[in-house]
Amino acid sequence: MTLVAATLRGAEQPAQASGTEASADAPRERFATPDGGARRLGDVVLAVEGVCLAFGGLKALEDIAFDVREHEVRAIIGPNGAGKSSLINCINGVYAPQHGTITLRGELLRRASPRHAAARGVARTFQNLALFQGMSVLDNVMAGRSLRMKSNLLQQAFRLGPALREEIAHREAVERIIDFLEIQAHRKTPVGRLPYGLQKRVDLARALAMEPTILLLDEPMAGMNVEEKQDMCRFILDVNDEFGTTIVLIEHDMGVVMDLSDRVVVLDHGRLIADGPPDAVRADPEVIRAYLGVGH
Amino acid sequence: MTPTFVRLMIRHAEERPHAPALREKAFGIWRTLTWSQLRALVRALAAGLAQAGLARGQHVAVIGENRPRLYAAMLAAQSLGAVPVPLYQDAVAAELAFPLASAEIPFAIVEDQEQVDKLLEIAPRCPLLRALWVDNPRGLRRYESEGRPALRTLDDLVALGESALTDLGPLVDAATAAARPEDVAALFFTSGTTGEPKGVVHTHAALLDRALAGAAFDRLTSDEEVLAYLPPAWIGQNIFSYAQWLACGYVVNCPESADTVAIDLKEIGPTYYFAPPRILEALLTSVTIRMEDAGRLQRALYARFLGQGRAWAARRARGERAGWVDRLLHALGDLLVYGPLRNALGFSRVRVAYTAGEAIGPDLFAFYRAIGVNLKQLYGSTETAVFVCLQPDDDARADTVGVPVAGVELRITEAGELLVRSPGLMQGYWRNPEATAEVLTNDGWYRTGDAGLIDTSGHLRIVDRAKDVGRLAGGPFDGALFAPKYVENKLKFFPAIKEAVAFGDGRDRVCAFVNIDFEAVGDWAERRGLPYTGYVDLAGKPEVAALVRECVERANAELAADPALAGSQIHRFLVLHKELDADDGELTRTRKVRRRLIAQKYAVLVDALYAGATHQFIETAVRFEDGRTGIVAADLRIHDATVRPAVRDAA
């Protein structure tokens with residue numbers, strides 16, 4: 001079932017899709033959409049402006065400003081300690097920046113709290129997995145829908161009519177996600193017994209269960225082997241494609257970033273040093289110096 | 001009215017419209033398609049295909065896992081007098097090009113994006129391919145639907161057919177009524193151990209005759225439950241979940257995905273079951289691993305009652321009656337061990353289970369008989385529409401493949417080759433008269449290419465492929481019989497060994513390659529706190545080599561006990577650094593080892609085995625699932641194994 005994400009994605013980009021006409025060996029031309037393959041990027045859904053975050057004397061983020069457009073895959077890269085996770089944590093409401101604003105669909109995120117962000121459609125996965133290890137895959141993914149449950153504790157405890165109906169509806173939604181991420185065989189397996197790559201997939205499933213409008217992925221491929229990475233790339237692209245979910249992605253694997261993302265933000269020591277499409281960022285001398293290393 | 005597959009389906013829909021025909025697990029729930037729903041679906045699909053221009057006698061490729069709508073598509077093609085061509089869903093793109101081009105296939109009905117990608121890749125080589133319909137359109141949103149071949153969803157085809165039913169319905173019905181049993185029903189491409197695959201042409205009459213003969217032999221009814229989990233392109237699966245399904249009217253269940261088969265098996269509890277030996281082996285391996293994790297009491301009970309069960313089964317096979325002590329013990333065993341074990345495997349309701357495709361290890365066979373699964377062997381091939389020989393319920397043995405089914409005649413040539421004559425023989429190979437003439441004689445016999453003999457009780461015994469049986473030359477066992485598959489099977493019975501390849505024909509001794517079973521050996525290593533990074537690393541561990549040597553030496557001890565095969569004992573072996581894989585051409589699609597090809601590809605290793613080297617460096621090209629290639633390199637150690645002198649018969 002493994003497909004090469006690079007091929008899929010590369011073909012979607014107009015530059016490559018409308019390129020050589022007669023490459024009969026690859027089915028590439030067939031992937032191009034009639035409009036030349038342009039992605040349907042929408043309005044700005046998330047705007048970060050002048051965000052500063054400090055822990056005591058340590059400046060984690062300095063005057064960061066960038067935006068995320070609807071339906072895009074936005075990558076945040078940078079060396080270790082550059083402030084990538086801190087930035088995600090600000091968006092997600094875990095940290096409250098001292099200065100600056102974060103605007104979600106034109107609404108200022110004032111009170112920083114993960115619950116507040118989640119209720120506004122921001123879901124995330126974690127660099128270090130934060131799943132319920134002893135619970136089954138199904139229960140973990142169901143947990144992702146708790147914000148959407150309307151029935152009260154009493155109704156749920158006794159499985160009264162409304163609670164039962166609600167649970168069935170949620171289970172259906174969860175089953176679609178399980179099917180989508182191809183984890184049917186592990187529904188009843190306790191998460192702790194699954195290999196790491198699959199746990200990452202369950203983490204993604206739980207985030208998807210929220211039906212988020214913005215999905216924050218904190219190093220979704222960390223610690224995976226090549227095949228698991230390819231699978232994960234395909235799932236991320238499929239999520240973006242099928243559900244139109246906007247994705248903000250922190251990733252170390254440069255190949256993955258270049259293949260997946262529409263635009264890339266580069267951080268270094270808490271400062272934003274570049275912002276633009278992958279090819280432009282890759283060519284940026286400062287990025288090469290700071291991130292890829294001199295003489296790369 | 002003489003039956004064709006479509007008319008049988010219509011008869012079931014008329015007689016039992018609300019009985020389930022197909023079930024599929026989707027989104028966690030088993031969903032049923034009744035015979036009347038199936039009939040409506042087939043009629044709509046047929047009208048859609050007619051609208052698209054499918055004509056009588058044309059071929060339609062069907063590529064995918066077992067999916068209800070793909071089976072319906074086969075019926076729809078047959079409704080128009082067209083011929084479905086099921087192709088292997090796990091074949092790489094290049095392997096699909098030959099069947100598509102040679103059968104001049106204009107239309108293909110496929111399961112998902114994976115198949116679409118493959119067909120689009122080879123489309124330039126198959127100019128006649130006009131349109132594809134895909135069952136599951138996931139991931140295809142950005143694909144261009146126009147162009148050549150056109151790409152549509154199966155939903156589109158159903159909708160097209162439904163809107164055209166008023167016009168085309170009568171045409172479909174007329175075509176269905178006009179079909180004759182002697183018309184071609186399906187074209188099966190054999191996996192082909194050498195050269196291009198060959199298309200086997202079968203008529204409705206041939207397939208149905210064999211389906212009914214098999215059904216009568218095992219008294220199958222419309223109450224059977226079958227789980228369809230093997231490739232539908234393989235004639236065995238096609239017989240069990242298509243020909244016999246329509247002949248008997250039972251229920252075919254399609255698993256949720258390839259990964260969930262074990263779970264689905266438990267949920268369905270099939271009554272009629274087929275598994276090639278390798279799947280039975282994998283199940284036994286999983287049981288063995290779980291038993292090692294079990295408590296001391298459970299392990300003791302398991303060991304005690306498994307021995308009891310084996311003895312019981314062996315006595316029954318000899319036709320002896322059991323005493324009351326044995327009966328009591330057996331009942332206790334059933335309560336404590338066999339029943340729970342059958343339940344854990346999903347075999348609680350199995351009434352008839354078959355295995356075929358390869359020789360089954362006697363121990364493996366005995367295990368399933370011992371726990372009370374009515375496992376039997378059958379003999380047949382694509383060319384014979386499967387059913388040639390079957391074992392009766394009370395006469396199942398590990399070393400035979402049963403007695404001829406009704407309608408079958410057998411003959412052994414002077415050279416030892418088995419010939420078959422039956423109403424189920426193929427019409428011939430598709431557009432390949434030379435190959436057809438090689439296997440079909442003028443007086444209606446089919447040359448199987450198997451070396452066989454018929455024993456006194458009328459059971460057929462297959463020794464090996466006629467061309468594979470060899471002899472040793474030189475050394476202490478000069479001139480001794482070398483049956484490679486026999487040796488390999490001995491090794492493969494050990495849970496630690498997944499695959500083995502034995503060499504020895506024309507050599508002075510037998511040497512072997514061994515593939516470890518990653519799951520079993522990985523578990524074994526973890527248990528011992530032996531760290532490893534992956535397959536190559538694990539396979540290269542000296543501890544693993546010692547484990548394999550133990551297995552080899554036990555196999556040698558068993559071989560030494562059989563005077564005819566003592567010469568086949570393994571003198572030297574090595575543990576391969578990569579898993580033998582069908583994608584690299586080392587196994588067939590049905591996962592049989594291609595011994596000759598492996599010997600060529602790993603010639604350096606074979607030479608090192610016979611040259612007495614202690615290690616050998618090798619680089620191997622591998623093909624990943626996505627079609628890219630890479631290199632795996634390793635320095636393999638070569639090990640010696642103890643060989644015993646042949647046990648001389650005292651008499």
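## A tour of chains A and B

Select A:L217 and A:L249: A:L217 stands opposite A:L249 in β8(A). This is a predicted model, in which local features need pLDDT of at least 70 and side-chain atom pairs count only at pLDDT 80 or more, while totals for chains, interfaces and linings use all residues. Residues are numbered from 1 along each chain as its sequence is written, and chains are lettered from A and ligands numbered from 1 in the order in which they are written.

**Stop 1: strand β8 of chain A**

Widen the selection to residues 246-250 of chain A, which form strand β8. Strands (E, at least two residues) and helices (H or I, at least four) are DSSP runs, numbered from the N terminus. The strand at 214-218, β7(A), runs parallel to β8(A) and is joined to it by five bridges; two strands pair if DSSP finds at least two bridges between them. Now add residues 73-77 of chain A: this is β3(A), which pairs with β8(A) in the parallel sense over four bridges. Here A:A75 is the bridge partner of A:L249.

Five of the five residues of β8(A) are buried, so the strand is largely enclosed by the rest of the structure. A residue is buried if 20 or more other C-beta atoms lie within 10 Å of its own, exposed if 12 or fewer, and partly exposed in between, with C-beta atoms placed from the backbone. In a regular strand the side chains alternate between the two faces of the sheet. In β8(A), one side carries A:T246, A:V248 and A:I250 and the other A:I247 and A:L249.

**Stop 2: A:E219**

Go next to A:E219, in the loop between β7 and α9 (226-242) of chain A. Its phi is near 50 degrees, a positive value in a residue other than glycine. Is A:E219 buried or exposed? A:E219 is buried, with 20 other C-beta atoms within 10 Å.

**Stop 3: helix α3 of chain A**

Select residues 84-91 of chain A. Eight of the eight residues of this helix, α3(A), are buried, so the helix is largely enclosed by the rest of the structure. Among them are A:K84, A:N89 and A:C90. After α3(A) comes A:G93, with a positive phi near 85 degrees.

**Stop 4: chain B as a whole**

Switch to chain B, whose secondary structure comes to 20 helices and 28 strands. Its radius of gyration is 26 Å, close to the 26 Å that the globule rule gives for 651 residues, so chain B is as compact as a globular protein of that length. The radius is taken over C-alpha atoms, and the rule is 2.2 Å times the number of residues to the power 0.38. Along the principal axes, the C-alpha atoms fill a box of roughly 80 × 60 × 55 Å. Of the 651 residues, 48% count as buried.

**Stop 5: α2 and α3 of chain B**

Select residues 35-52 (α2) and 68-79 (α3) of chain B: these helices pack at an angle of about 60 degrees, with their axes 8 Å apart. Axes are lines fitted to C-alpha atoms, for helices over the stretch in contact, and angles run from 0 to 180 degrees between N-to-C directions. The contact includes B:L38, B:L41 and B:L45 of α2(B) and B:A72, B:L75 and B:A76 of α3(B); two residues are in contact if their C-beta atoms, placed from the backbone, lie within 7 Å.

**Stop 6: strand β11 of chain B**

Residues 251-254 of chain B form β11. B:V251 and B:N253 point one way, B:V252 and B:C254 the other way, and all are buried. β1(B), residues 20-26, runs parallel to β11(B) and is joined to it by three bridges, with B:E24 partnered by B:C254. Three bridges also join β10(B), residues 225-227, to β11(B), again in parallel; B:E225 stands opposite B:V251.

**Stop 7: B:E104**

Select B:E104, in the loop between α4 (93-102) and β5 (107-110) of chain B. Phi of B:E104 is near 50 degrees, a positive value in a residue other than glycine. With 13 C-beta neighbours inside 10 Å, B:E104 counts as partly exposed.

**Stop 8: a sheet of chain B**

Finish at the open sheet of four strands, ordered β17-β18-β20-β21 with antiparallel pairing. Its edge strands are β17 (409-412) and β21 (460-465), each pairing on one side only. Between β18 (417-421) and β20 (446-454) there are three bridges, and B:L419 stands opposite B:R447.
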